[in-house]
Amino acid sequence: MRIEESRILIVGLGLIGGSLAAALRRSGFAGEGREIVACDPDAGEIERGIAMGLIERGGTRLAPLVEGCSLIVLAVPVLAMRGVMDELAGWLERAAPGVVITDVGSTKATLREAARSAFGRMPTNLVLGHPIAGSEKSGVAAANAELYVGHKVILTPQADTDPDALARVRALWVATGAEVLEMEIERHDQVLARTSHLPHLLAFSLVDTLARQDERLEIFRYAAGGFRDFTRIAGSDPVMWRDIFIANRDAVLEALDDFEGGVARLRRAVEAGDTDAMLATFDRASHARHYFESLLNQTSYQAEYQMQPHGNLRYRVSPGGGVSGRIRVPGDKSISHRSIMLGALAEGVTEVKGFLEGEDSLATLQAFREMGVAIEGPHQGRVTIHGVGMRGLKAPSGPLYVGNAGTAMRLFAGLLAGQAFDTELTGDASLTKRPMGRVADPLREMGAVIETAEGGRPPLKIKGGQRLTGIAYDMPMASAQVKSCLLLAGLYAEGETRVREPAPTRDHTERMLAGFGYAVQRDGNTCWLTGGGKLIAAPIDVPSDISSATFFLVAAAISPGSDLVLEHVGINPTRIGVINILQLMGADLHLENQREVGGEPVADLHIRYAPLKGIDIPVEQVPLAIDEFPALFVAAANAEGVTRLRGAGELRVKESDRLQAMANGLTVLGVENRLHEDGIDIVGGGPEDGPNYGGGHIDSLGDHRIAMAFAIAALRASSEIIIDDCANVATSFPGFIDLARRVGLVLEEAQEVS
Ligand code: S3P
């Protein structure tokens with residue numbers, strides 16, 4: 001963006017003002033009719049600025065410099081701003097059409113006050129702003145053209161701020177390489193009190209305290225890493241910081257109160273040798289710090305969701321080939337979520353092996369950390385959870401963000417309905433469209449107080465401290481998430497909570513509760529438990545996820561010459577619809593080495609290519625294969641004849657409308673299909689050895705399973721398949737690309753260029 005200003009006046013040529021001039025110079029602001037001038041009480045600073053080539057001219061008095069300026073930047077300490085504004089006021093009244101004024105002060109409410117008193121009202125051409133960048137150095141000599149690159153600049157326009165003035169100030173900062181955003185004045189001051197002013201106060205205080213204790217500064221000789229990292233900012237400009245603490249007094253005091261509370265708690269823990277409390281605090285802080293760092297680098301899962309809601313990874317998969325070898329896919333997502341939830345509520349320490357380090361289950365893990373649970377790991381699938389007991393969770397300090405994870409949100413709804421504190425559950429754009437009334441309604445029947453957004457969508461606001469009572473609930477849909485949600489609420493409810501399911505759904509919650517010593521009973525389609533019991537920590541060995549294994553099962557089932565073993569896959573009877581359906585279609589699929597680990601059956605799945613035939617999918621298999629349909633549709637596209645699916649309306653409310661998304665994609669490839677409200681007909685087949693359909697460009701709609709399904713479809717396509725919006729594959733299947741390549745797929749991932 002080009003800056004249209006003719007003459008920019010910087011009032012206060014220190015580090016911030018000087019760096020702005022330097023950055024503008026670097027961006028090419030110079031030459032004919034374009035000038036930077038500066039005013040500073042210290043004539044030496046002006047001379048230095050000229051010598052450094054940052055400004056054309058300047059002086060110590062404002063009046064002679066303002067005439068002819070198009071933009072004025074106030075870069076003096078906060079308390080000096082009022083004096084400058086008073087001087088400007090007279091001049092502004094006389095003449096200055098089109099001039100824009102902005103500032104760089106670290107606090108905003110007092111500057112708004114100062115402006116109101118100086119100008120009689122808040123001028124519409126004054127745009128208050130604050131670059132979040134700096135250094136402990138001061139003075140123009142420390143000016144740095146790179147200071148603002150990649151940093152945020154917060155502008156705090158008012159309702160009546162002139163849009164042209166705002167656009168010009170925005171352009172100024174964009175030219176320095178900064179990212180410009182807008183915020184309300186009050187919010188700005190609170191945020192800065194916590195993220196900047198409080199740390200400065202602590203650094204000043206710590207250095208001063210130590211310096212006083214050690215007059216000869218002897219101990220500073222030994223002060224290495226920790227001291228240096230913590231106190232670097234204590235070298236900052238004292239006048240500037242005095243002004244900030246006067247200007248932002250109330251917000252700073254509030255932040256300081258919170259901080260003192262935290263230190264007092266930690267002090268008690270240290271005094272009492274309370275190792276759990278210490279570990280919990282350090283662990284939470286350490287993870288928050290890592291999370292925060294990755295947020296800054298925009299690499300964490302939450303950051304990716306929030307900053308690039310429409311994932312931007314593209315897969316390019318070459319046509320043809322087969323798959324072979326022995327692989328182990330990552331841990332089961334459903335069991336991983338539950339391992340953290342029950343481990344956190346248990347008494348004792350739960351050791352988890354095989355935990356899925358995917359974004360969904362990591363979101364669950366992070367949420368428990370935010371509720372005060374000390375969790376070590378994950379390190380290569382190992383997680384250690386220091387359970388806090390049924391009543392040991394603490395109120396999180398903000399909304400719990402669960403990203404793309406429907407399971408997390410629905411199970412949390414039940415678990416949090418029984419807590420003493422309020423919570424709010426939020427998620428990414430896809431999750432925000434998914435129905436939560438299915439859990440909120442029965443939970444309300446139990447006595448929970450839950451607010452949803454319109455149409456029963458997230459966010460969910462859950463009121464704590466409610467008395468829950470068990471209910472007998474007849475589930476209108478076959479959903480393990482709803483069942484599990486109610487059972488978890490039932491742990492906190494008075495009496496029995498009974499759930500009847502219209503068809504069997506995955507029973508991991510029931511199995512794991514039993515493994516943790518909590519009695520869950522079942523009679524036919526109904527299961528129930530009685531509230532008020534406790535959970536005792538038990539080790540958990542998470543098997544590989546049959547839902548992830550499915551992509552490779554189908555890959556082998558459709559490509560001639562394939563011979564693949566998938567090791568250690570969970571074959572819980574409520575999950576094996578995909579095995580049953582593939583076998584009905586004629587797949588050469590065998591279970592080997594069947595065994596039980598930690599209450600869940602597992603096996604190695606051995607599959608070799610064999611021609612498939614279309615079938616009518618038995619309706620009772622639908623809930624048992626609910627997550628596997630995107631891949632099964634690809635199998636159907638390669639099976640001779642028609643495959644018909646009905647009774648699968650639930651597919652429309654998954655991470656995407658999977659019936660629609662798959663129908664669209666299959667149509668792109670030229671596979672004949674007919675969509676129904678609750679299912680689809682797919683006409684498959686083709687030559688034994690050649691491609692069965694074309695290639696093309698597919699939109700996964702950000703749905704991990706749609707993306708992976710079309711990746712394996714390429715094995716029988718006549719040309720390349722390109723799939724957009726694949727970042728969410730990491731929610732359930734980190735390492736998919738590597739494993740896919742290992743067994744023989746030829747696949748590249750790249751950033752989408754829009
Ligand atoms: C899950 C249950 C299923 C499934 C989801 C995981 C679970 O959802 O689709 O991926 O872990 O309980 P529904 O309960 O909505 O069918």
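Q: How many Å separate the centres of domain 2 and domain 3?
A: Taken over C-alpha atoms, the two centres lie 56 Å apart. Keep in mind that this is a predicted model.

Q: Which domains does the assignment give for the protein chain, and where do they run?
A: Domain bounds come from an automatic or database assignment. Here domain 1 covers 7–183 and domain 2 covers 191–273. Domain 3 is written in two pieces, 313–321 + 544–752, and domain 4 spans 333–541.

Q: Which domains each supply at least three residues of the shell around the ligand?
A: A residue joins the shell if one of its heavy atoms lies within 4 Å of the ligand. Domain 3 and domain 4 each contribute at least three such residues. The shell includes Arg338, Thr407, Arg410, Gln481 and Arg506, along with Ile626, Asp627 and Lys654.

Q: Which helices should I look at around the ligand?
A: Try three of them: helix H13 (333–345), helix H15 (406–417) and helix H18 (480–490). Each supplies at least two residues of the shell.

Q: How do the shell residues divide into nonpolar, polar and charged?
A: Sort them by residue type and you get three nonpolar, four polar and five charged. Ala478 and Ala480 are among the residues in the shell.

Q: Which atoms of Ser334, Ser479 and Ala480 should I look at beside the ligand?
A: For a polar contact, look for a pair of N or O atoms within 3.5 Å. Ser334 places a polar side-chain atom 2.6 Å from a ligand oxygen. In Ser479, a side-chain N or O atom is likewise 2.6 Å from an oxygen atom of the ligand. Ala480 uses its backbone instead, with an N or O atom 3.0 Å from a ligand oxygen.

Q: How much of the ligand does the protein bury?
A: Compare the ligand alone with the ligand in place. Alone, the ligand exposes 380 Å², and the protein buries 96% of that. The space the ligand takes is the largest cavity.

Q: Where are the cis peptide bonds that join residues to Pro378 and Pro459?
A: Check omega, the torsion about the peptide bond. One cis bond links Gly377 to Pro378, with omega about 0°, and Pro378 sits in strand S13 (residues 374–379). Another joins Pro458 and Pro459, again with omega about 0°; Pro459 belongs to strand S18 (residues 457–463).

Q: What is the phi of Asn593, and which strand holds this residue?
A: Look at the sign of the backbone angle. Asn593 is not a glycine, yet its phi is positive, about 55°. You will find Asn593 in strand S25 (residues 588–597).

Technical notes
Residues are numbered from 1 along each chain as its sequence is written. This is a predicted model: local features need pLDDT of at least 70, side-chain atom pairs count only at pLDDT 80 or more; totals for chains, interfaces and linings use all residues. Side-chain values use heavy atoms; hydrogens and water are left out. A polar contact is a pair of N or O atoms within 3.5 Å; within protein, one must be able to donate a hydrogen and the other to accept it, and residues adjacent in sequence count only if both atoms are side-chain atoms. Accessible areas come from the Shrake-Rupley method with a 1.4 Å probe; for residues, only the protein chains shown count as cover. On a 1 Å grid over the protein atoms alone, a cavity is a set of points where a 1.4 Å probe fits but cannot get out, and a pocket is an open set with protein on both sides within 12 Å along at least five of seven lines; lining residues have an atom within 4 Å of a point. A molecule sits in a cavity or pocket if more than half of its atoms lie within 2 Å of its grid points. Helices (H or I, at least four residues) and strands (E, at least two) are DSSP runs, numbered from the N terminus. Ala, Val, Leu, Ile, Met, Phe, Trp, Tyr, Cys and Pro count as nonpolar, Asp, Glu, Lys and Arg as charged, and the others, Gly among them, as polar.
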